[in-house]
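Subject: Structure handover

Hello,

Here is the structure for you to take over. My notes on what turned up in it follow below.

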Amino acid sequence: MYLPPHDPHVDDPMRFKPLFRIHLMERKCATVECMYGHKGPHNGHIQIVKKDEFSTKCNQTDHHRMSGGRQEEFRTWLREEWGRTLEDIFHEHMQELILMKFIYTSQYDNCLTYRRIYLPPSTPQDLIQPGLFKGTYGSHGLEIVMLSFHGKKAKGTKITGDPNIPAGQQTVEIDLAHPLQLPDIETLRDFSELSRLVLEVQEQVRREEQEEEEHSQQPASQPAARSHPGEGAEGEETAAGAEGPPQEKAAASQPFVLPMGVISRNEDYPRTCRICFYGTGLIAGHGFTSPERTPGVFVLFDDDRFGFIWLELKSFSLYSRIKVSFQNAQAPSPEAFDEMLKNIQSLAT
């Protein structure tokens, strides 16, 4: 299992933790050992369910228990998972979220089902190289997000989740057709000014989507009023700013600072950025209740780091690329990757 670094150190390397091991004794004969817990390897079982899917089961879950009971198990898990003790965490809401995560994850006792995940395919037009990123999520700690590009959109899909937004959901969506021109650094410190800029773009996007919907509903015999000779669908896309990847129009690095009142787990974020885009972020209550997409700002810092300002939450997430080399993880086709994204989202819901 690959674990993210301890919150909020997104630039630190991933941590590796073995869960099972297989001893190939002779042809068609093997022993399986569970590595979970602190009492050493013990008897386990692995079953291949179907293509690209297998399950694991521990046959001696008593090896996962500690003499001090659940309290000792929780404190040990807290040190390993978060790199801190319960006394270090003063925020009551954060204590509640951490306890929820411990109860949820420990109930499986390393009896899990695994499904293959493809890395996103890349094209020369992509803003940056797509892939896996570690991101800060407030009191939830660090989570893993997959960044992929889909024409005029980019998507951040959760690979690991939390009590609010489960794995498989699209945590952020970036509208590459709507770059944001940030104000000067002093004006940017004013949250109300950034909010005004973002909400103006949100309204523009809403109007464009409404026009597009009305246009698509017109009878085929009635050409759209804005269609003229020599200006077909391609001309309309050009007018919308979709011709050519937006990154080609990006200016040199510009100063960046978070507006006053925006909370960031990591204050060591870059102070310059390349380009910003309008985007939306998914928020929900516990148990993925009342989910809604809310406006925000995608901030590209460099080839390996980006951020997202959650306007409604007044919160900032910083993402850093996972630089682990995964073997045989490339999707056989863009269609296979898209199908995988749909599958993991349907599992989450």
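Glu203 is partly exposed, at 32% relative accessible area, and its salt-bridge partner Arg207 is also partly exposed, at 40%. The closest N and O atoms of this pair are 3.9 Å apart. Both residues sit in helix H4, 4 residues apart, or about one turn of the helix. Please bear in mind that this is a predicted model.

Salt bridges with shared partners also join Arg65, Arg70, Glu73 and Asp109 into one network. Within it, Asp109 and Arg65 meet at 3.1 Å, N to O. Asp109 is in the loop between helix H2 (92–106) and strand S7 (112–115), and Arg65 is in the loop between strand S6 (53–58) and helix H1 (69–82), so this bridge ties together parts 44 residues apart in sequence. Asp109 is buried, at 14% relative accessibility, whereas Arg65 is partly exposed, at 29%.

A further bridge pairs Asp11 with Arg305, with 3.9 Å between the closest N and O atoms. It links distant parts of the chain, 294 residues apart: Asp11 is in the loop between strands S1 (2–3) and S2, and Arg305 is in strand S17 (residues 305–310). Asp11 is partly exposed at 45%, as is Arg305 at 24%. The whole structure has 24 salt bridges.

On the interior: the largest nonpolar core has 25 residues, and Phe256, Val297, Ile309 and Phe316 have the most contacts inside it. Helix H4 (191–216) and strands S15 (275–285), S16 (289–302) and S18 (315–321) each give two or more residues to this core. H4 gives the most, with 5 residues. Outside its sequence neighbours within four places, Val297 is in contact with residues including Leu180, Leu194, Val198, Cys276 and Ile309. A second, separate core has 20 residues, among them Phe133, Ala154, Leu300 and Trp310.

How many disulfides does a search of the whole structure find? The count is 0. For Cys34, the closest cysteine sulfur is in Cys58, 3.9 Å away, which is too far for a bond because the cut-off is 2.5 Å. Likewise, the sulfur of Cys276 is 4.0 Å from the closest one, in Cys273, again too far. Cys34 is buried at 0% relative accessibility, and Cys276 is buried at 0% too.

On the surface, Tyr2, Phe16 and Phe326 form a nonpolar patch with about 320 Å² of accessible area together. Phe16 lies in strand S2 (residues 15–16) and is exposed, at 60% relative accessible area.

Regards

Methods: Residues numbered from 1 in each chain as written. Predicted model: local features only at pLDDT ≥ 70, side-chain atom pairs only at ≥ 80, totals over all residues. Heavy atoms only, no water. Core = buried A, V, L, I, M, F, W, Y, C linked by side-chain atoms within 4.5 Å. Buried < 20%, exposed > 50% of the residue type's maximum accessible area, 1.4 Å probe, protein only. Contact = heavy atoms within 4.5 Å. Patch = residues over 30% accessible without salt bridge, like charges linked within 9 Å, V, L, I, M, F, W, Y side chains within 5 Å. Areas by Shrake-Rupley, 256 points an atom, 1.4 Å probe, with all protein chains shown as cover. Salt bridge = Lys/Arg side-chain N within 4 Å of Asp/Glu carboxyl O.
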